[in-house]
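Hi there,

Here is the structure I promised to pass along. Please have a look at it first, and then read my notes underneath.

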Amino acid sequence: MGEIITKTLAQIYLQQGHIQEAFEIYQRLAEKDPFDPEVQKKIIEIKEQFHTSTPPNLHTPCSKEERIRLLEKWLSNIRRRRIGE
């Protein structure tokens with residue numbers, strides 16, 4: 001059985017804080033359909049959220065300060081989502 005790559009799965013990853021996985025799915029979806037405006041919008045949003053050309057690679061070690069900044073950013077996002085519920 002092939003790998004399941006959908007917008008829904010990418011959105012679930014985003015909601016759970018798995019940014020790298022979501023970004024990779026959106027990239028693969030963009031390869032299949034480069035003119036899908038929803039996919040392109042999500043890729044741009046993720047890039048802008050992290051102010052980089054690609055989201056942080058969560059699998060590589062980073063300094064203590066970088067981990068603290070990343071965790072603070074996640075906490076801020078969680079708080080904003082709870083307020084919006």
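Below is what I found, from the whole chain down to one residue.

Please keep in mind that this is a predicted model. The protein chain has 4 helices and 0 strands, so in sequence order the pattern reads α-α-α-α. Of its 85 residues, 25% count as buried. The chain exposes about 6500 Å², and carbon and sulfur atoms supply 55% of that area. As for contacts with a separation of 6 or more, 43% of them come from residues that are 24 or more positions apart.

Next, a pocket you may like to look at on screen. The second largest pocket has a volume of about 230 Å³. Its lining takes two or more residues from each of helix H1 (7-15), helix H3 (37-49) and helix H4 (64-84). In total 14 residues line this pocket, and Leu14, Ile19, Gln49, Asn77 and Arg81 are the ones that lie nearest its centre. Sorted by class, the lining is made up of 5 nonpolar, 6 polar and 3 charged residues.

Finally, a residue to click on: Ile46, which sits in helix H3. Is Ile46 buried or exposed? Ile46 counts as buried because its relative accessibility is 2%, and the cut-off for buried is under 20%. Ile46 and Leu14 are 32 residues apart along the chain, and their C-alpha atoms are separated by 9.3 Å. Leu14 is also one of the residues nearest the centre of the second largest pocket.

Happy to talk it through whenever suits you.

Best wishes

Terms used. Residues numbered from 1 in each chain as written. Predicted model: local features only at pLDDT ≥ 70, side-chain atom pairs only at ≥ 80, totals over all residues. Heavy atoms only, no water. 1 Å grid on protein atoms, 1.4 Å probe; cavity = no way out; pocket = protein on both sides within 12 Å on 5 of 7 lines; lining within 4 Å. Points joined across faces, edges and corners; volume = space filled by probe spheres on them. Nonpolar A, V, L, I, M, F, W, Y, C, P; charged D, E, K, R; others polar. Buried < 20%, exposed > 50% of the residue type's maximum accessible area, 1.4 Å probe, protein only. Contact = heavy atoms within 4.5 Å. Areas by Shrake-Rupley, 256 points an atom, 1.4 Å probe, with all protein chains shown as cover.
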